[in-house]
Amino acid sequence: MKLVIFDMDGLMFDTGRLAYRNYSETAKKYNFELHPNVYYHLTGRNEAGFRQALKELYGSEQPTDTWRDFMTANKLEIIKTDRRVFKKKGLLELLQFLKENGYLIAVASSSKREIISFYMEIEEMPDCFDTIVAGDEVTKGKPNPEIFLKACEKLNIAPEDALVLEDSLVGVEAANKANIPCFLIEDDITDLPPIEGEFPLKIKLPVNEERAFHPTEQFNDLLEVRDFIKKNK
């Protein structure tokens with residue numbers, strides 16, 4: 001392994017609870033049913049994929065685009081007010097270990113570059129990334145593997161010599177399709193409450209056992225990832 005590729009939202013930063021808070025506030029306004037599995041289904045997608053997934057979940061006849069527009073504006077207001085997205089446990093320790101041991105480090109995030117830069121700034125992240133691939137730099141979002149393959153290409157690393165760290169199911173699928181090993185550190189928001197609404201979900205979301213794509217390994221936090229790599233390098 002020569003390259004470690006980090007997703008950002010929910011993996012580097014604790015944005016899962018922020019996102020679900022935003023989903024909940026806006027779902028109530030537009031009367032959509034919501035529960036944590038919706039978050040797991042949507043997270044990791046680029047904007048076009050997110051909007052398409054909403055239509056599939058609730059039906060194309062429902063005002064999902066209007067909901068998404070308000071959701072985007074509301075999230076920005078939350079972040080501007082809070083001025084934090086909070087580093088995930090073990091992030092700095094893992095990054096330090098990787099740099100000290102000569103690994104290349106990339107970020108491959110479905111977020112736009114301006115959002116990535118903003119999060120890095122407000123969390124005062126160290127300048128340790130060898131490349132960053134943003135969602136607006138690729139034509140196809142996750143679960144298409146383009147973003148991970150582009151990170152490998154930028155650093156001239158073969159996919160089989162890389163490792164993807166993901167919190168999302170679509171990210172795991174994208175890594176599988178790129179033939180890159182993938183560690184899943186799932187963002188646990190299962191304790192957050194569901195929302196009842198006039199517009200119900202129209203499809204049944206899969207539970208863990210029904211997933212078609214699976215990570216190479218799964219961990220609770222990034223400290224466990226560091227310890228695993230240290231033990232097996």
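How many helices and strands are there in the chain? This predicted model has nine helices and six strands. The views below start with the chain as a whole and then go in on single spots.

**View 1. The whole chain, end to end.** The radius of gyration comes out at 17 Å, close to the 17 Å that the globule rule gives for 233 residues, so the chain is as compact as a globular protein of that length. Along its principal axes, the C-alpha trace spans about 55 × 40 × 35 Å. Of the 233 residues, 52% count as buried. Look at contacts between residues at least 6 apart in sequence, and 74% of them join residues at least 24 apart.

**View 2. The surface and its charges.** About 11,100 Å² of the chain is exposed, and carbon and sulfur atoms supply 48% of that. The chain carries 31 positive and 41 negative charges, and the mean positions of the two sets are 2 Å apart.

**View 3. The open sheet of six strands.** Reading across the sheet, the order is E3-E2-E1-E4-E5-E6, and the pairing is parallel. Strand E3 (131–133) and strand E6 (217–218) sit at the edges, each pairing on one side only. Next to E6 comes strand E5 (residues 182–184), and the two pair in the parallel sense over two bridges. To find your place here, look for Leu 184, which stands opposite Gln 218 in E6.

**View 4. Strand E4 and the strands beside it.** Is strand E4 mostly covered or mostly open? Strand E4 (residues 162–166) is mostly covered, with five of its five residues buried. That goes for both faces: Ala 162, Val 164 and Glu 166 are buried on one side, and Leu 163 and Leu 165 are buried on the other. Strand E1 (residues 3–6) runs parallel to E4 and is joined to E4 by four bridges. Val 4 faces across to Leu 163 in E4, standing opposite that residue. E4 also pairs with E5 in the parallel sense, this time over three bridges. In that pairing, Val 164 stands opposite Cys 182 in E5.

**View 5. Asp 167, in the loop after E4.** Asp 167 lies in the loop between E4 and H8. With a relative accessible area of 2%, Asp 167 is buried. Which residues does Asp 167 touch, not counting those up to four places away in sequence? The list holds Asp 7, Asp 9, Gly 10, Leu 11, Tyr 39, Thr 43, Leu 184, Ile 185, Glu 186 and Asp 187. Leu 184 is the residue that stands opposite Gln 218 in View 3. Gly 16 is worth finding too: the C-alpha atoms of Asp 167 and Gly 16 are separated by 9.6 Å, although these residues are 151 apart along the chain.

**View 6. A cis peptide bond at Pro 143, and a partner in H8.** Most peptide bonds are trans. The bond from Lys 142 to Pro 143 is cis, with omega near 20°. You'll find Pro 143 in the loop between E3 and helix H7 (146–154). Touching Pro 143 is Glu 173, which also touches Phe 213, leaving aside residues up to four places away in sequence. Glu 173 belongs to helix H8. Is Glu 173 buried or exposed? At 17% relative accessibility, with the cut-off for buried being under 20%, Glu 173 counts as buried.

**View 7. Two asparagines with positive phi.** Most residues other than glycine have a negative phi. Asn 156 has a positive phi of about 55°, and Asn 179 has a positive phi of about 60°. Where do they sit? Asn 156 is in the loop between H7 and E4, while Asn 179 is in the loop between helix H8 (169–177) and E5. Asn 156 counts as exposed at 71% relative accessibility. Asn 179 counts as exposed as well, at 61%.

**View 8. Ser 117 in helix H6.** Ser 117 lies in helix H6 (residues 113–122). With a relative accessible area of 41%, Ser 117 is partly exposed. For a sense of scale, pick out Lys 204 as well: the C-alpha atoms of Ser 117 and Lys 204 are separated by 36 Å, and the two residues are 87 apart along the chain.

Terms used:
Residues numbered from 1 in each chain as written. Predicted model: local features only at pLDDT ≥ 70, side-chain atom pairs only at ≥ 80, totals over all residues. Heavy atoms only, no water. Rg over C-alpha atoms; globule rule 2.2 N^0.38 Å. Buried < 20%, exposed > 50% of the residue type's maximum accessible area, 1.4 Å probe, protein only. Contact = heavy atoms within 4.5 Å. Areas by Shrake-Rupley, 256 points an atom, 1.4 Å probe, with all protein chains shown as cover. Lys, Arg positive; Asp, Glu negative; His and termini not counted. Charge placed at Lys NZ, Arg CZ, Asp CG, Glu CD. Pairing = 2+ DSSP bridges.
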